[in-house]
Amino acid sequence: MLLLRTRADIVAKHIGSVIEEFPTPHAMATTDLSAVERALRPFGLRWRARRIHETARVLTNAFSGQVPLNLELLLELPGVGPYVASATLATLTGGRVVLTDTNTVRVAKRVAGLSVRGDARRRKDVQAAIASLMGGQTTAADWLAVIDLAATVCVLRDPRCADCPIKGLCRHGIADSGRLSQSNTVGGRHSGRLPA
Ligand code: SF4
């Protein structure tokens with residue numbers, strides 16, 4: 001939940017002190033909201049503290065302080081949508097899931113040459129395309145590899161296709177290398193941007 005709209009390096013930097021202060025859902029649930037807001041301030045999005053506090057209370061009161069290992073039950077928690085529920089299940093159980101967030105959608109669109117505009121995360125056809133590219137449902141480690149690729153190489157602007165380990169499988173990467181070699185031979189200018 002903290003990774004939503006907050007950079008991974010910021011979460012990595014501050015998560016240790018949050019876990020130290022609130023080692024269990026019960027520890028957070030029995031604390032004032034103001035203390036949770038203070039602890040989560042480095043992550044931004046103040047409204048999120050209320051949601052996470054409420055989630056801790058539900059986990060404590062309805063699930064004996066345990067995270068349920070069931071997709072439907074996870075989706076009943078405040079602020080938990082399909083992505084967080086699937087990521088939680090994959091991480092805690094090693095189960096196979098399909099994760100669609102802005103990062104995996106961006107990589108999939110480029111790899112498969114999908115022309116989808118706007119927020120495509122909840123579209124069934126996009127989810128099916130991502131699952132197909134990954135060979136069906138897959139583990140948290142595989143998805144983390146895609147998310148790492150998206151954060152470091154297949155970035156939003158100017159993806160670094162020349163350094164990408166999957167450029168030979170990617171429609172955008174193949175087109176990009178074609179544009180690059182053309183610019184090298186005819187003196188054209190290579191922008192590295194996605195085609196509109
Ligand atoms: S080749 Fe380029 S567009 Fe394709 S996945 Fe790699 S970085 Fe992204």
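This report walks through the fold, the helices, the nonpolar cores and the ligand shell of the structure above.

## Overall layout

Please keep in mind as you read that this is a predicted model. The protein holds 10 helices and zero strands, so its elements, read from the N terminus on, run α-α-α-α-α-α-α-α-α-α. Along the principal axes, the C-alpha atoms fill a box of roughly 70 × 30 × 25 Å.

Two domains divide the protein: domain 1 covers 8–80 and domain 2 covers 102–190. Their C-alpha centres lie 33 Å apart. Of the 196 residues in the protein, 24% are buried. If you take the contacts between residues at least 6 apart in sequence, 48% of them join residues at least 24 apart.

## The cores

Which residues touch the most other members of the largest nonpolar core? They are Leu 89, Ala 90, Val 107, Ala 108, Ile 130 and Trp 143, in a core of 23 residues. At least two residues of this core come from each of α6, α7, α8 and α9 (140–152). Another core lies apart from it and has 10 residues, including Val 36, Leu 40, Phe 43 and Ala 49.

Val 107 is a good residue to click on. Leaving aside residues up to four places away in sequence, Val 107 touches Val 146, Leu 149, Ala 150 and Cys 154.

## Helices α7 and α8

Helix α7 has a list of buried residues that mixes side-chain types: Thr 104, Val 105, Val 107, Ala 108, Lys 109, Arg 110 and Val 111. After α7 comes Gly 113, with a positive phi near 70°.

Helix α8 spans residues 124–133, and its buried residues are Val 126, Ala 129 and Ile 130. Viewed down the axis of α8, these buried residues fall within an arc of 100°, so they line one face of the helix. The exposed residues Lys 124, Asp 125, Ala 128 and Ser 132 sit on the other side of α8. What do the buried residues of α8 pack against? Their partner is α7. Just after α8, Gly 135 takes a positive phi of about 80°.

## The ligand shell

Around the ligand there are 14 residues, and the closest are Cys 154, Cys 161, Cys 164, Cys 170 and Gly 173. One of these, Cys 154, is also touched by Val 107. By type, the shell divides into nine nonpolar, two polar and three charged residues.

Two helices, α7 (102–112) and α10 (171–186), each supply at least two residues of the shell. The helix that gives the most is α7, with three residues.

## Backbone and exposure in the loops

Two residues that are not glycine have a positive phi, and the table sets out their values.

| Residue | Phi | Place | C-beta neighbours within 10 Å |
|---|---|---|---|
| Leu 45 | about 50° | loop between α3 (33–40) and α4 (46–62) | 14, partly exposed |
| Ser 64 | about 55° | loop between α4 and α5 (71–75) | 10, exposed |

Is Leu 45 buried or exposed, or something in between? With 14 other C-beta atoms within 10 Å, Leu 45 is partly exposed, because the exposed class stops at 12 or fewer and the buried class starts at 20 or more. Ser 64 has 10 such neighbours and therefore counts as exposed.

Asp 119 lies in the loop between α7 and α8. Asp 119 has 10 C-beta neighbours inside 10 Å, so this residue counts as exposed.

## Two pairs of residues

Val 84 belongs to helix α6, residues 82–93. With 19 C-beta neighbours inside 10 Å, Val 84 counts as partly exposed, because the buried class needs 20 or more. From Val 84 to Thr 100 there are 16 residues in sequence and 9.9 Å in space, taken C-alpha to C-alpha.

For another pair, how many residues apart in sequence are Asp 119 and Pro 68? They are 51 residues apart in sequence, and their C-alpha atoms are 29 Å apart in space.

Key:
Residues are numbered from 1 along each chain as its sequence is written. A residue is near a molecule or strand if its C-beta atom, placed from the backbone, lies within 6 Å of it. Helices (H or I, at least four residues) and strands (E, at least two) are DSSP runs, numbered from the N terminus. Ala, Val, Leu, Ile, Met, Phe, Trp, Tyr, Cys and Pro count as nonpolar, Asp, Glu, Lys and Arg as charged, and the others, Gly among them, as polar. Domain bounds come from an automatic or database domain assignment. Two residues are in contact if their C-beta atoms, placed from the backbone, lie within 7 Å. The arc is that of the directions from the helix axis to the C-beta atoms. A nonpolar core is a set of buried Ala, Val, Leu, Ile, Met, Phe, Trp, Tyr and Cys residues joined through C-beta atoms within 7 Å.
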